[in-house]
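Subject: A structure to look through

Dear colleague,

I am passing on a structure for you to read alongside this message. Please open it first, and then follow the notes below with the model in view.

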Amino acid sequence: MPETITLYTAKVCPYAHRVELALEEAGAPYKAYQIDLQNKPEWYAPKVNPASKVPAVAYGGPATLPESPSPESTKIAESLVLLEFVADLYPNSPLLPKDPVLRAKARFFIDAVGTKLNPKYFAFVHRGDAGGAEGLLQGIDDIQKLLPDEGYAVGKDYTIADAAVTPFLARMEISLKYDLGSFDVGEGVKVYETLQTDPKFARFRKYFNDSKARPSFQKTFDESYLVESYKKRYEAARAQKKKTD
Ligand SMILES: N[C@@H](CCC(=O)N[C@@H](CS)C(=O)NCC(=O)O)C(=O)O
């Protein structure tokens, strides 16, 4: 029986969201503690994660308040390490298949998320790079090509491969749908329309809709919070840019 888990997380953070999804999918009991990334508590780095990032987990040790985790608990950080950790704690969950080939496929998919999709997402949404829209659509197609005809990244079960990508797709969708990013005004919505209607992205649409319909996602995603937070981030930056143009 796994020991107590405290997850240090933040609603805006896609990396932390990965771990919440995995814990929910495993049916793990855990305590989620929100870290305000704009104003991190002074105890967080020394007591939990010296890198001062979320996600991090305090695992085991006597029950304590999240603000003062026991020195006897093990502190673990990095979202992809934590995805594997949750799968290891719950070996009977479908989070990581038993078949070595499917395990390799799950890890290959996770690698593609980090090397093919996310750099394109950051380039378009966070930096507004020239050619970013086409780049992002290419990145999504790269991921789409890895999907089997039905089900999730490596088959019928939702695994850590899916938990690794869903949070990024969900945040990307908000940026595109509400046109909130560093791209030029109107560019996000254009990409959103393409993803919604182009037959080329039909498999991607089905995959993403299935992922969003899962109770794990419904329970852990706060769309209105993210919309407000992206509005603050990008509308202020656009207003500033207008002034200096
Ligand atoms: N490689 C890390 C990245 C985690 C990360 O960058 N987290 C961000 C929030 S999304 C963070 O905590 N940044 C620290 C800060 O904002 O000060 C992982 O996969 O867990």
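**Around the ligand**

The residues around the ligand are Cys13, Tyr15, Leu37, Lys40, Ser52, Lys53, Val54, Pro55, Glu78 and Ser79. Please keep in mind throughout that this is a predicted model.

Three polar approaches to the ligand can be described one by one. An oxygen atom of the ligand lies 2.4 Å from an N or O atom in the side chain of Lys40, and an oxygen atom of the ligand is also found 2.7 Å from an N or O atom in the side chain of Ser79. With Val54 the partner is in the backbone, since a polar backbone atom of Val54 is 2.9 Å from a nitrogen atom of the ligand. How much of the ligand does the protein bury? Taken alone the ligand exposes 510 Å², and the protein buries 72% of that.

**Backbone features among these residues**

Some of the residues around the ligand, including Ser52, Pro55 and Glu78, also deserve a look for their backbone geometry. As general background, most residues other than glycine have a negative phi, and most peptide bonds are trans.

Which two residues are joined by a cis peptide bond? They are Val54 and Pro55, with an omega of about 5°, and Pro55 belongs to the loop that runs between α2 (44-47) and β3 (56-59). Ser52 is found in the loop between α2 and β3 as well, and its phi is near 60°, which is a positive value in a residue other than glycine. The relative accessibility of Ser52 is 19%, and because buried means under 20%, Ser52 counts as buried.

Glu78 is not a glycine either, yet it has a positive phi of about 80°. Its place is in the loop between β4 (74-77) and α3 (79-89). Is Glu78 buried or exposed? At 54% relative accessibility it counts as exposed, because the cut-off for that word is over 50%.

**Two domains and the core between them**

The protein chain is divided into domain 1 (5-89) and domain 2 (100-244), and the C-alpha centres of domain 1 and domain 2 lie 24 Å apart. The contact takes 17 residues from domain 1 and 23 residues from domain 2.

The largest nonpolar core has 65 residues, of which Phe109, Leu136, Met172 and Leu195 touch the most other members. Helix α6 (residues 160-177) gives the most to this core, contributing eleven residues. Why can this core be said to lie between the domains? Domain 1 (5-89) and domain 2 (100-244) both give residues to it, so it lies between them. In soluble globular proteins in general, nonpolar side chains tend to be buried together.

To follow one member in detail, you could select Leu195, which touches Leu137, Ile140, Met172, Leu176, Phe201, Phe204 and Arg205 when residues up to four places away in sequence are not counted. There is also a second, separate core of twelve residues, and among its members are Tyr8, Ala10, Trp43 and Ala56.

**Three buried residues in helices**

Pro14 has its place in helix α1 and, at 13% relative accessibility, counts as buried. Although Pro14 and Phe168 are 154 residues apart in sequence, they are 5.8 Å apart in space, C-alpha to C-alpha. Leaving aside neighbours within four places in sequence, Pro14 is in contact with Pro167, Phe168 and Arg171.

Phe168 appears again in the surroundings of Asn118, a residue of helix α4 (residues 100-126), which is in contact with Arg18, Val113 and Phe168 when its neighbours within four places in sequence are left aside. Asn118 is buried, with a relative accessible area of 4%.

Glu20 is placed in helix α1 (residues 14-26), and at 11% relative accessibility it counts as buried. Which residues does Glu20 contact beyond its neighbours within four places in sequence? They are Leu7, Thr9, Tyr30 and Thr220. Glu20 and Glu42 are 22 residues apart along the chain, and their C-alpha atoms are separated by 24 Å.

With best wishes

How values were computed
Residues numbered from 1 in each chain as written. Predicted model: local features only at pLDDT ≥ 70, side-chain atom pairs only at ≥ 80, totals over all residues. Heavy atoms only, no water. Core = buried A, V, L, I, M, F, W, Y, C linked by side-chain atoms within 4.5 Å. Buried < 20%, exposed > 50% of the residue type's maximum accessible area, 1.4 Å probe, protein only. Helix = DSSP H or I, 4+ residues; strand = E, 2+ residues; numbered from the N terminus. Domains from an automatic or database assignment. Contact = heavy atoms within 4.5 Å. Near = heavy atom within 4 Å. Polar contact = N/O pair within 3.5 Å; in protein donor to acceptor, adjacent residues only side chain to side chain. Areas by Shrake-Rupley, 256 points an atom, 1.4 Å probe, with all protein chains shown as cover.
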